[in-house]
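Colleague: Please take me through one part of this model closely. I would like the sheet, and what packs on it.

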Amino acid sequence: MAEPVVIWGAGAIGGTIGAFLRRAGHEVMFVDVVPEHVAAIAAGRLRIEGPAASFTTGGPAFLPGKVQGRYRLIILAVKAHHTTAATRALLPHLAEDGAVVSCQNGLNELTIADIVGRSRTIGAFVNFYADYLEPGRISYAKRGAVVVGELDGARTPRLAALHGLLRDFEPDAILSGNVFGYLWGKAGYGAILKASALTDDTIADFIASPARRPMIVALVREILAVAAAEGVTPLGFDGFDPQAFLKGDAAAIELSMGRMESFNRGSAKPRSGIWRDLAVRKRPTDVAAQLAPVRAAARRHGLRMPLADELVALVGEIERGTRVIGDEAADALCAVAARG
Ligand SMILES: NC(=O)C1=CN([C@@H]2O[C@H](COP(=O)(O)OP(=O)(O)OC[C@H]3O[C@@H](n4cnc5c(N)ncnc54)[C@H](OP(=O)(O)O)[C@@H]3O)[C@@H](O)[C@H]2O)C=CC1
Ligand SMILES: CC(C)(CO)C(=O)C(=O)O
């Protein structure tokens with residue numbers, strides 16, 4: 001039997017990727033902390049449903065403490081605030097010549113590399129839309145960009161193999177020499193998603209709102225200024241054009257906003273995962289964890305991030321129950337943008 005690909009964190013993203021790989025005939029082992037979800041997958045009841053795909057599969061599935069053996073490919077798909085704990089738990093199961101691939105939002109590769117070593121870390125960027133509904137049920141709402149790349153930009157045999165594997169999930173998956181460019185691009189786009197979660201607006205409506213536009217532009221520019229200070233060229237995807245925001249090119253920004261709105265309009269997942277954590281699952285988000293390395297980099301370069309700081313504070317208040325989701329929360333962020 002071939003060695004399995006390990007999916008560590010088998011929720012919306014990991015569960016979807018793992019299910020597609022299983023369906024394509026690959027050996028896959030699922031690891032997750034939710035016992036009922038693990039039991040459903042192990043019983044062959046992992047259901048992927050929604051406009052992007054509909055099928056049921058399953059496979060060997062374990063709680064982290066029950067995993068045995070060492071593996072050469074571990075796809076990590078937990079939220080950013082669980083990255084350290086999950087990476088420490090998977091470390092004894094990573095082969096000496098193996099690698100962890102982060103299919104997450106945020107710059108988690110930096111945390112992972114600190115724990116497993118840079119040579120055993122491969123970068124990835126995902127922008128497809130999925131939701132964990134209940135144990136064994138995942139909604140795959142919309143295809144989106146999928147990118148893999150070595151941290152130093154090299155083209156290696158293991159990267160080519162990973163790219164080939166992921167094309168069994170997303171046929172348009174990209175092999176990139178600048179994966180950090182995509183991750184910083186997602187940090188910019190992701191800031192819009194995070195801000196949209198302050199309200200009950202859909203992502204499309206939030207992007208289209210003229211009242212929110214100056215704040216959105218200032219927020220994205222604030223994030224991308226840090227990327228530029230880091231010497232990274234942020235890359236675009238799915239309607240997002242980071243160069244337009246970096247240059248402050250008003251016409252190109254309008255075009256990009258229109259394209260992002262169209263991409264999100266009518267999506268079967270109309271709101272972000274962060275909104276879902278706040279409003280539906282009523283649990284802490286990974287907003288602070290996603291933005292932590294960005295804010296740390298800003299401090300290193302002496303850059304101020306008043307909008308990111310306020311965004312983290314507002315989401316924290318909603319998490320603690322001292323503020324409700326709604327227009328007032330987004331207005332507070334707009335007020336900071338208006339102060340300049
Ligand atoms: N969903 C989406 O459409 C998109 C998500 N992303 C990113 O992908 C990553 C995964 O998100 P998503 O799949 O939505 O999240 P989910 O919460 O749906 O899935 C994560 C799963 O990992 C489990 N988990 C938590 N800690 C551990 C651990 N230590 N070991 C093993 N499993 C663990 C979670 O359990 P529990 O729920 O109990 O914490 C959950 O079942 C995040 O970084 C997210 O921002 C990126 C693009 C799109
Ligand atoms: C909106 C989406 C699915 C893709 O950008 C996302 O990243 C999230 O929900 O966190």
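Modeller: A word on the record before the sheet: UniProt positions are given in the numbering used here, feature names are shortened, and annotations may be inferred rather than shown by experiment. The model itself is predicted. In an unreviewed entry, UniProt lists residues 5-152 as "domain: Ketopantoate reductase N-terminal". That span is 25% helix and 37% strand. Its end C-alpha atoms lie 23 Å apart.

Now the sheet. It is open and has eight strands, in the order 5-2-1-6-7-8-11-12. Pairing is mixed. Strand 5 (61-62) and strand 12 (174-175) stand at the edges. Each has a single partner strand, so one side of each is left without a neighbour in the sheet.

Helix 5 (residues 157-166) packs on this sheet. Strand 1 (5-8), strand 7 (94-102), strand 8, strand 11 and strand 12 are touched by helix 5. The direction of helix 5 makes about 170 degrees with that of strand 11.

Look closer at strand 8 (residues 121-126) and strand 11 (residues 146-150). They run antiparallel and are joined by five bridges. One pairs Gly123 with Gly149 of strand 11. Helix 6 (residues 179-196) lies across both strand 8 and strand 11. It runs at about 45 degrees to strand 8.

Last, the ligand. Ligand 1 is surrounded by 28 residues, the closest being Gly9, Gly11, Ala12, Gln104 and Asn105. Helix 1 (12-23), helix 3 (83-90) and strand 9 (129-134) each give two or more residues to that shell. By class, the shell holds 17 nonpolar, nine polar and two charged residues.

Terms used:
Residues numbered from 1 in each chain as written. Chains lettered and ligands numbered in written order. Predicted model: local features only at pLDDT ≥ 70, side-chain atom pairs only at ≥ 80, totals over all residues. Pairing = 2+ DSSP bridges. Helix = DSSP H or I, 4+ residues; strand = E, 2+ residues; numbered from the N terminus. Contact = placed C-beta atoms within 7 Å. Axes fitted to C-alpha atoms, helices over the stretch in contact; angles between N-to-C directions. Near = placed C-beta within 6 Å. Nonpolar A, V, L, I, M, F, W, Y, C, P; charged D, E, K, R; others polar.
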